[in-house]
Amino acid sequence: MWWQKITDEIRDRYTDWRMASHFPKKRDDWKDMKAVYDGDTLYIGDWEVMQEWEKPLMKSLAREATRSHGHVLEVGFGMGISATFVMEFGCTKYTVIEPHPTVIEKARDWAAEQSVPVEIVQGFWQEEIHRLGKFDAILFDTFPLKKEEAGKNHVPFFEEAREHLNPGGVFTYYSDAEDTLPEEDLKLLLDIFDEVRLSKVRGLQPPKHSQYWGSSSMLVPVCILH
């Protein structure tokens, strides 16, 4: 109905306005926001940070990150969905960078149940990545902490990914792209990596009023260093 469309548009505009004021004033404030695992959603502050509908997407990302079954770095633990798939597909070691203390505790509980070595690095990747070595694969999925980072918070990590991959290494990430990557992102990836291929995960079922995704599909970029 026409009136429902107008109601939805008003609600969406109000949500955009309200949520814009809820970004942390500085990065470290993120650690002090309350994190709650509530059924199928991880909330931090007023943000939906991760939800169960992402499982097919996380499975695809984890599959790409474990092609060599080597040492996998994940940036952002969230609900541990992709981490669990990484373990199912197989790796020799799993390392994760995660800043939020509540999520860190979740990661530690999860790590205690794994049969391969797990290293948990507490902090933001901007502060921690430089002291880490090289990996066989990197899976990047973090939450934007500024309004201007929304949909592109992965871009500043592209160069870091190359620096921290072994030859033959794979970098993949939550793309925030449905059909095509932004032209500038694709150009940058092609400049940095030796090979870039794209696949698409279909059949996603985000809630109608999900804060951060509304499509039934998302691109999975796979960037390879020869």
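Two strands are taken to pair if DSSP finds at least two bridges between them. By this criterion, strand 1 (35-38) and strand 2 (residues 41-44) are joined by four bridges and run antiparallel. Helices (H or I, at least four residues) and strands (E, at least two) are DSSP runs, numbered from the N terminus.

The structure is a predicted model, in which local features need pLDDT of at least 70 and side-chain atom pairs count only at pLDDT 80 or more, while totals for chains, interfaces and linings use all residues. Residues are numbered from 1 along each chain as its sequence is written, and side-chain values use heavy atoms, with hydrogens and water left out.

**Confidence**

The predictor's confidence in each residue is expressed as pLDDT, from 0 to 100. The protein chain has an average pLDDT of 92, and 91% of the residues score at least 70. Among its elements, strand 4 has the highest mean value (99) and helix 1 (residues 2-20) the lowest (42). Over residues 1-15 the pLDDT stays under 50, and the model has three contacts beyond four places in sequence for this segment; a contact means heavy atoms within 4.5 Å.

**Strand 4 and its neighbours**

Strand 4 (71-75) is mostly covered, with five of its five residues buried. Here buried means under 20% relative accessible area, exposed means over 50%, and partly exposed lies in between (1.4 Å probe, protein chains only). In a regular strand the side chains alternate between the two faces of the sheet. In strand 4, His71, Leu73 and Val75 point one way and Val72 and Glu74 the other way, and all are buried.

Strand 4 pairs in the parallel sense with two strands. Five bridges join strand 4 to strand 5 (residues 93-98), where isoleucine 97 stands opposite valine 75. Four bridges connect strand 4 with strand 7 (residues 135-140), where alanine 137 is opposite valine 72. Strand 4, helix 3 and strand 5 make a right-handed β-α-β unit; right-handed means that, with the strands pointing away from the viewer, the path from the first strand over the helix to the second runs clockwise.

Within helix 3 (81-89), the buried residues are Ile81, Ser82, Ala83, Phe85, Val86 and Met87. Just after helix 3, glycine 90 takes a positive phi of about 105 degrees.

Glycine 76 occupies the loop between strand 4 and helix 3. Glycine 76 counts as buried because its relative accessibility is 11%. Leaving aside residues up to four places away in sequence, glycine 76 touches Val96, Ile97, Glu98, Asp141 and Thr142.

**The hairpin and other loop positions**

Strand 1 and strand 2 form a hairpin with two residues between them, and glycine 39 in the turn has a positive phi of about 65 degrees. Aspartate 38 has threonine 41 of strand 2 as its bridge partner.

Positive phi also occurs at histidine 69, a residue other than glycine, and at aspartate 176, which is not a glycine either. The table gives the accessibility of selected loop residues.

| Residue | Loop | Relative accessible area |
|---|---|---|
| Histidine 69 | helix 2 (55-65) to strand 4 | 41%, partly exposed |
| Proline 156 | strand 7 to helix 6 | 52%, exposed |
| Aspartate 176 | strand 8 (165-173) to helix 7 (183-192) | 27%, partly exposed |

**Aromatic and charged side chains**

Rings of Phe, Tyr and Trp (its six-membered ring) pair if their centres lie within 6.5 Å; planes under 30 degrees apart count as stacked, over 60 as edge-to-face and the rest as tilted. By this rule the count comes to 15 aromatic pairs. Tryptophan 30 and phenylalanine 143 are stacked, because their ring centres are 5.4 Å apart and their planes lie at 15 degrees. Tryptophan 30 lies in the loop between helix 1 and strand 1, and phenylalanine 143 in the loop between strand 7 and helix 6 (158-163), so the pair ties together parts that are 113 residues apart in sequence. Tryptophan 30 is buried at a relative accessible area of 4%, and phenylalanine 143 is buried at 16%. Ring pairs also link Trp125, Phe140, Phe157, Phe158, Phe171, Tyr173 and Phe193 into a cluster.

A charge sits over a ring if NZ of Lys or CZ of Arg is within 6 Å of the ring centre and within 35 degrees of the ring normal. The charged end of arginine 27 sits over the ring of phenylalanine 124, at 5.4 Å from its centre. Lysine 106 lies over the face of tyrosine 37, 4.7 Å from the ring centre.
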